[in-house]
Amino acid sequence: MREYQKIERGLNFRYSSVYSLLFDKYSKDPDKEFVISLIKSEQEVYTYHQFITRVNKARKFLKKHGLEKGDSINLILPNLADFLVLYFAALSWGIIVCPINYNLVPREIYYIVNDSKSKIIFTDEEYITTLEEILTEKPGISEIILFTKT
């Protein structure tokens, strides 16, 4: 018989949320590197302080756009720091994050967007053509927010 790792039920976790974990790490060592993001062979390094500053700006942005606890957003972004910033910001407000693999075909993306009942899609300029193709029927999306390369 195969052996399995066993854990106790009812573990007492120290953190009530992912955001509280991030904030605790930030409080202990704000200048420690947290995220290293590669963009076309250029490396961006974010300390806990820099990262949480961006997360807090994103939190304000989400609130400004009318998102509330229980709302849903889609992220169609490459694996970069912006993805993590939005992910942490949304979770900290109780917003449901529905990441979508950008390699999916348009009908699969449409199904996920429609099924998730998301209000906003965050995407990269690289994927806007695919979104425009599938959102002609606009399944309840109030806004598409586009990240552009500066």
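Student: Why does Asp24 count as buried?
Tutor: This is a predicted model, so the value is computed from its atoms. The relative accessibility of Asp24 is 18%. Buried means under 20%. Therefore Asp24 counts as buried.

Student: What makes Lys28 exposed?
Tutor: Lys28 has a relative accessible area of 54%. Exposed means over 50%, so Lys28 qualifies.

Student: How do you know that Asp24 and Lys28 meet in a salt bridge?
Tutor: The N to O distance between their side chains is 3.2 Å. The cut-off is within 4 Å, for a side-chain nitrogen of Lys or Arg and a carboxyl oxygen of Asp or Glu. The pair therefore passes.

Student: Why are Asp24 and Lys28 separated by about one helical turn?
Tutor: They are four residues apart in helix α1, residues 18-28. An α-helix has 3.6 residues a turn, so residues three or four places apart point the same way.

Student: How many salt bridges does a search of the whole structure find?
Tutor: Three. Another one of them joins the side chains of Asp82 and Arg54, at 2.5 Å, N to O. That value is within 4 Å, so the pair is a salt bridge.

Student: What parts does the Asp82 and Arg54 pair tie together?
Tutor: Asp82 lies in helix α3, residues 81-93, and Arg54 lies in helix α2, residues 48-64. The pair ties together parts that are 28 residues apart in sequence.

Student: Why is Asp82 called partly exposed?
Tutor: Asp82 has 26% relative accessibility. Partly exposed is the range between under 20% and over 50%, so Asp82 falls in it. Arg54 has a relative accessible area of 26% and is partly exposed too.

Student: What makes Asp71 and Lys119 a salt bridge?
Tutor: Their side chains meet at 3.3 Å, N to O. The limit is within 4 Å, so they count. The pair links distant parts of the chain, 48 residues apart. Asp71 sits in the loop between α2 and β3, and Lys119 in the loop between α4 and β5.

Student: Which of these labels fits Asp71, buried or exposed?
Tutor: Buried. Its relative accessibility is 13%, and the cut-off is under 20%, so the label holds. Lys119 is partly exposed, at 35%.

Student: Where does Ser118 lie?
Tutor: Ser118 is in the loop between α4 (106-116) and β5 (120-124). Ser118 has a relative accessible area of 1%, so this residue is buried under the 20% cut-off.

Student: What makes the link between Ser118 and Ser72 a polar contact?
Tutor: Their side chains are joined at 2.9 Å. The limit is within 3.5 Å, with a possible donor and acceptor, so the link counts. A polar contact of 2.9 Å also joins the side chains of Ser118 and Ser116.

Student: How do you know that both faces of β5 are covered?
Tutor: Ile120, Phe122 and Asp124 are buried on one side, and Ile121 and Thr123 on the other. In a regular strand the side chains alternate between the two faces of the sheet. Five of the five residues of β5 are buried.

Student: Why do we say that β5 pairs with β3 and with β6?
Tutor: Pairing needs at least two bridges. Four bridges join β3 (residues 72-76) to β5, and five join β5 to β6 (residues 143-147), so both cases pass. Asn74 stands opposite Ile121 in β5. Phe122 stands opposite Ile145 in β6.

Student: What is the order of the strands in the open sheet?
Tutor: The order is β4-β3-β5-β6, with parallel pairing. The edge strands are β4 (96-99) and β6, as each pairs on one side only. Neighbouring strands are turned by 20° against each other on average, direction ignored. Helix α4 packs on this sheet, touching β3, β4 and β5. Its direction makes about 160° with that of β3.

Student: What puts the buried residues Ile109, Val113 and Ser116 on the same side of α4?
Tutor: They cover an arc of only 75° around the axis, which puts them on the same side of α4. On the other side of α4, Arg107 and Tyr111 are exposed. The cover over the buried residues of α4 includes β3, β4, β5 and α5 (128-134).

Technical notes
Residues are numbered from 1 along each chain as its sequence is written. This is a predicted model: local features need pLDDT of at least 70, side-chain atom pairs count only at pLDDT 80 or more; totals for chains, interfaces and linings use all residues. Side-chain values use heavy atoms; hydrogens and water are left out. Helices (H or I, at least four residues) and strands (E, at least two) are DSSP runs, numbered from the N terminus. Buried means under 20% relative accessible area, exposed over 50%, partly exposed in between (1.4 Å probe, protein chains only). Axes are lines fitted to C-alpha atoms, for helices over the stretch in contact, and angles run from 0 to 180 degrees between N-to-C directions. Contact means heavy atoms within 4.5 Å. The arc is that of the directions from the helix axis to the C-beta atoms.
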